[in-house]
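Here is a short briefing on charged side-chain pairs and strand pairing. Have the sequence and the 3D view at hand as you read.

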Amino acid sequence: MTGTETTGTETTGTETYGMEETEPVTEAPAPTRRRRARTLLVASGFVVVTAVAIGGALGLGGGGAENPAAPPRTESTVAVTRATLVERTKVEGQLGYGAEIPLPVKATGTVTWLPEPGARVERGDELLRVDDRPVVLLYGTLPMYRELGLGPGPEAAPEPGLGENENVRPSGAPTPGGAGAPDGPDSGTPGNSGTPGKGTPTPNRSAPVPMRGMDVLQFESNLAALGFKGFTVDEKYTSGTVGAVKRWQKSLGLPQTGRIGVGDVVYASGTVRIGHAGVRLGAAVSENALTYTGTSRKVVVDASALEATWAVRDTEVTVHLPDGRPVEGKVTSVGNRATAPEGSGGGDGGGSGAGGAAATVPVTITIAGQRAIGRLESGPVTVEYVGRERKDVLTVPVAALVALAEGGHGLETSEGTFVAVKTGLFADGRVEVSGTAVREGLKVRVPQ
């Protein structure tokens, strides 16, 4: 083809054939001819590659037959399978011991000893000392609201033969029939001819009356749990209770009165962990002298009020600790009041604030395996929960989806045809698919 120019090309397979001009032209130098040949070859190759790329993108192929000049396909094939898809969502939370609660200390006086923050206090242990007297922790839900002890007995009914002094008895005289009543004419007992003993008359009262109530039962249950016996655990504060209380008071280094003052004990639901002190040593004690928390570490999540449908009591979740280790947790409480984020300008507590931040509700998650947490006491964590779940559905890898020219999604079969599908739940790199042409085991291509 020396001395001619190519005016058109026809592509068949990978070869290019030229058509010669009928009029002669001036022959170009050899270097120029080589440059022209290279230019024409590059341009022709570009046209071929571009045409193949456009045809593949549009899904064209003349009924699915592949162009013998196209490069071999590198896609892999997978089968449509049935599976259960689980959508998991992650939210941020905070590990700790929960909110600190004031201890209901009702003692009066000067604080002379305080425990260290973080100390664990069990039943029978000292919470603090007031006027150098211990305030002891006991277990229970009923607060201490009165002094416990034997109550004074009612005045006895008038006894016959006492005359105008029918309601009094000489001071120091024993009760009729009581223990230690002296014998003899001067004993002052009724029926003797002797005169009553000298002294100031005192009221004639019967034996002290036991106090009754649920607070007595609660206190006696604690006393028995501490190992002090000799009474029946019931709702009556009897002389047997008095004896046990005196032994307990002796073990604490207290005066053995047999009575329990309102400020001597504080009730909590169980072992407590000391938070912080609200008073200093030497200051007057107050009800906010100490705060406490539970002893189990838990997680609190400020969940969006608009997306907190997952937060249901007893819902199981996975807590990822700061070091990445997962531990199992369970939702134990959900706040019933939404709080607007700081700086959002308040709002009605049900939606987004002025800055677009949604109001939140506190969700508390307990962790049964406390040992799995290790020594970590606080820090940021990630909580993973199941949002949605689809059981026994047809699934493919998300990468197998292709966009169809007419809209929507489809799958390319191993034969090169396309089938339209409807997508459902996306989870763990797979997607739920359905359609009239989709069946379990269908082979589809996944572009590499």
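A residue is called buried when its relative accessible area is under 20%, exposed when it is over 50%, and partly exposed in between. Keep those cut-offs in mind, since they come up for each pair below. Please also bear in mind that this is a predicted model. Salt bridges come to twelve in the structure, and a few of them are worth a visit, followed by a look at one sheet.

**The E126 and R129 pair**
- E126 and R129 form a salt bridge, and their closest N and O atoms are 2.9 Å apart.
- E126 has a relative accessible area of 28%, so this residue counts as partly exposed.
- R129 is buried, because its relative accessible area is 17%, which falls under the 20% cut-off.

**The R146 and D215 pair**
- R146 makes a salt bridge with D215, with 2.7 Å between the closest N and O atoms.
- R146 sits in the loop between β9 (133-139) and β10 (168-169), while D215 belongs to helix α2 (residues 214-225), so the salt bridge ties together parts that are 69 residues apart in sequence.
- On the R146 side, a relative accessible area of 23% makes the residue partly exposed.
- D215 is buried, with a relative accessible area of 6%.

**The E432 and R390 pair**
- A salt bridge also brings together the side chains of E432 and R390, at 2.8 Å from N to O.
- This pair links distant parts of the chain, 42 residues apart: E432 is in strand β25 (residues 430-434) and R390 is in strand β21 (residues 379-397).
- Which of the two partners is buried and which is partly exposed? E432 is buried, at 11% relative accessible area, whereas R390 is partly exposed, at 41%.

**A salt-bridge network**
- R82, D392 and E440 are joined into one network by salt bridges that share partners.

**An open sheet of four strands**
- Strands of a sheet pair through backbone hydrogen bonds, in either a parallel or an antiparallel way.
- Here, four strands make up an open sheet with antiparallel pairing, and their order is β5-β16-β15-β7.
- At the edges are β5 (101-102) and β7 (120-121), each of which pairs on one side only.
- How many bridges join β5 to β16? There are two, and β16 (residues 290-293) runs antiparallel to β5.
- To find this contact in the 3D view, start from I101, whose bridge partner in β16 is Y292.

How values were computed. Residues numbered from 1 in each chain as written. Predicted model: local features only at pLDDT ≥ 70, side-chain atom pairs only at ≥ 80, totals over all residues. Heavy atoms only, no water. Salt bridge = Lys/Arg side-chain N within 4 Å of Asp/Glu carboxyl O. Buried < 20%, exposed > 50% of the residue type's maximum accessible area, 1.4 Å probe, protein only. Pairing = 2+ DSSP bridges.
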